[in-house]
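Thanks for coming, everyone. I have one structure for you today. Please look at the screen.

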Amino acid sequence: MLDTVEKEDTVISEEEAAQYDRQIRLWGLDAQKRLRGSHVLLVGLRGLGAEVAKNLILAGVKGLTLLDHEEVTEESCRAQFLIPVGSEGQNRAQASLERAQYLNPMVDVKADTEPVESKPDEFFLQFDAVCLTGCPRDLMIRIDQICSQKNVKVFCGDVFGYHGYMFSNLGPEHHYVEEKLKAVKPSEGTSDGPDTKKPKVDPSETTMVKKTASFCSLKEALEIDWTSEKAKASLKRTPADYFLLQVAPLPSPFAPSVLLKFRTDKGRDPQPSSFADDSTILRQIRDDVLEAQGLASDLIPDEFVSYCFSEMAPVCAVVGGVLGQEIVKALSQRDAPHRNFFFFDGLKGSGVVDYFATK
């Protein structure tokens with residue numbers, strides 16, 4: 001597992017220092033050392049997974065394992081730039097391996113073609129971070145609980161059409177450092193005045209401040225009783241994407257969100273080829289999920305079905321950029337992380353996001 005900010009053991013070679021010179025200048029040698037000593041598991045090599053893989057490899061992690069048992073299809077190639085043309089029928093992780101490795105030969109990139117559901121608990125504990133994309137709700141909760149016990153950082157993400165999200169669980173005590181402008185005390189002998197005794201900020205001097213953030217588990221983040229007065233008060237600042245993309249809890253034991261329930265029930269995501277039928281199912285799921293939580297069905301308007309089919313490359317790029325950045329920040333222990341959700345709504349325009357902190 002990763003060392004805390006006080007302990008730095010990873011050695012950066014001269015070749016690596018040259019390769020990562022710009023990053024070292026940006027976030028410091030210590031942060032790059034921690035990143036260089038990290039091993040990451042990435043589950044799911046669709047469009048979002050490809051974006052995350054690219055960002056982690058270019059950032060310079062020690063090792064990245066690409067895990068996906070699905071075969072390449074025409075649909076999966078539309079937003080996935082790591083898979084060469086003509087790879088239909090091949091395993092997605094294996095087909096992505098060559099181009100992924102080419103991005104940075106200094107990173108040890110591996111492909112695992114087994115189903116993630118078949119992996120024993122011990123498998124996930126060999127990594128410093130696990131990133132789950134395109135996974136069912138029960139699987140995400142299971143892996144998050146396994147990793148939380150051993151301080152393995154967990155990230156989840158998905159893209160449905162114009163909508164995307166990420167979730168992070170960095171444990172009850174995530175230590176990191178943040179660069180702050182240094183306050184300079186006024187020199188003695190200066191003239192009296194209202195601002196004389198106030199410390200001034202020197203933009204040319206900075207100091208590193210150690211901080212700690214606390215994260216809840218995925219299960220805890222989803223156990224919100226929306227019929228309570230406290231939850232109702234926070235509903236206005238909760239993006240509708242929370243209910244569209246995430247898991248909404250019910251008494252026994254979890255009721256998935258609209259899109260994740262569709263994935264669970266049908267064993268697939270909504271398909272453009274069956275738009276009419278899938279749209280009817282999605283609207284019914286929407287009504288059932290929101291009614292069970294005492295929420296109005298117009299919280300998610302009927303037209304949502306027009307914007308949640310397939311992965312869109314621009315949305316994958318935005319969500320994958322944020323997700324990759326959060327993994328890099330967590331592993332390098334540099335800068336304040338998101339807590340715990342990030343939502344992106346492409347209908348609001350490029351770069352418009354909703355952020356919902358659960359703790």
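I will go from the overall fold to the cores, the cysteines, the open spaces and a few backbone details.

First, a caution. This is a predicted model. Please keep that in mind throughout.

Let's begin with the whole protein. There are 359 residues, and 48% of them count as buried. The secondary structure comes to 14 helices and 10 strands. Now consider contacts between residues at least 6 apart in sequence. Of these, 66% join residues at least 24 apart.

Next, the inside. The largest nonpolar core has 46 residues. Which residues have the most contacts inside that core? They are Val 52, Leu 64, Leu 66, Phe 155 and Ile 327. And which helix gives the most to this core? That is α14, residues 313-332, with nine residues. There is also a second, separate core, of 41 residues. Leu 139, Cys 156, Tyr 165 and Val 258 are included in that second core.

Take Leu 66 as an example from the largest core. Set aside residues up to four places away in sequence. Leu 66 then touches a list of residues that includes Leu 42, Leu 45, Ala 53, Ala 93 and Ala 100. Lys 110 and Asp 112 are also among the residues Leu 66 touches.

Now the cysteines. How many disulfides does a search of the whole structure find? Zero. Let's see why for two cysteines. A disulfide needs the two sulfur atoms within 2.5 Å. For Cys 131, the closest cysteine sulfur is in Cys 156, at 7.6 Å, so that pair is too far apart for a bond. For Cys 147, the closest is again in Cys 156. Here the distance is 9.5 Å, so this pair is too far apart as well. Both cysteines are hidden: Cys 131 is buried at 0% relative accessibility, and Cys 147 is buried at 0% too.

Stay with Cys 131 for a moment. Its place is in strand β4, residues 129-133. Look at Leu 42 beside it on screen. Cys 131 and Leu 42 are 89 residues apart in sequence, but their C-alpha atoms are 4.9 Å apart in space. Leu 42 is also in contact with Cys 131, as are Leu 41 and Val 43. Further contacts of Cys 131 are Val 52, Phe 155, Leu 323 and Ile 327, again leaving aside neighbours within four places in sequence. Val 52, Phe 155 and Ile 327 should sound familiar: they were on the list for the largest core.

On to the open spaces. The largest pocket has a volume of about 760 Å³. It is lined by 34 residues. Which of them are closest to the centre of the pocket? Arg 46, Glu 70, Arg 92, Gly 134 and Asp 269. Three elements give two or more residues to this lining: α5 (74-77), β5 (153-160) and α12 (258-266). By class, the pocket lining has 11 nonpolar, 11 polar and 12 charged residues.

A word on α12. Val 258, Leu 259, Leu 260, Phe 262 and Arg 263 are buried in this helix. Just after α12 comes Gly 267, with a positive phi of about 70 degrees.

There is one cavity of 30 Å³ or more. Its space is about 30 Å³. The lining is Arg 46, Leu 48, Thr 133, Gly 134, Gly 157, Asp 158 and Glu 311. That divides into one nonpolar, three polar and three charged residues. Arg 46 and Gly 134 line this cavity, and both were named for the pocket too.

Last, the backbone. Most residues other than glycine have a negative phi, and most peptide bonds are trans. Here are three exceptions to find.

Ser 310 has a positive phi, near 70 degrees. It sits in the loop between α13 (275-292) and α14. Is Ser 310 buried or exposed? Buried, with a relative accessible area of 17%.

Asp 335 also has a positive phi, about 80 degrees. This one lies in the loop between α14 and β9. At 31% relative accessibility, Asp 335 counts as partly exposed.

Finally, a cis peptide bond joins Arg 339 and Asn 340, with omega about -15 degrees. Asn 340 is in the loop between α14 and β9 (341-345).

That's my tour. Thank you.

Terms used
Residues numbered from 1 in each chain as written. Predicted model: local features only at pLDDT ≥ 70, side-chain atom pairs only at ≥ 80, totals over all residues. Heavy atoms only, no water. 1 Å grid on protein atoms, 1.4 Å probe; cavity = no way out; pocket = protein on both sides within 12 Å on 5 of 7 lines; lining within 4 Å. Points joined across faces, edges and corners; volume = space filled by probe spheres on them. Nonpolar A, V, L, I, M, F, W, Y, C, P; charged D, E, K, R; others polar. Core = buried A, V, L, I, M, F, W, Y, C linked by side-chain atoms within 4.5 Å. Buried < 20%, exposed > 50% of the residue type's maximum accessible area, 1.4 Å probe, protein only. Helix = DSSP H or I, 4+ residues; strand = E, 2+ residues; numbered from the N terminus. Contact = heavy atoms within 4.5 Å.
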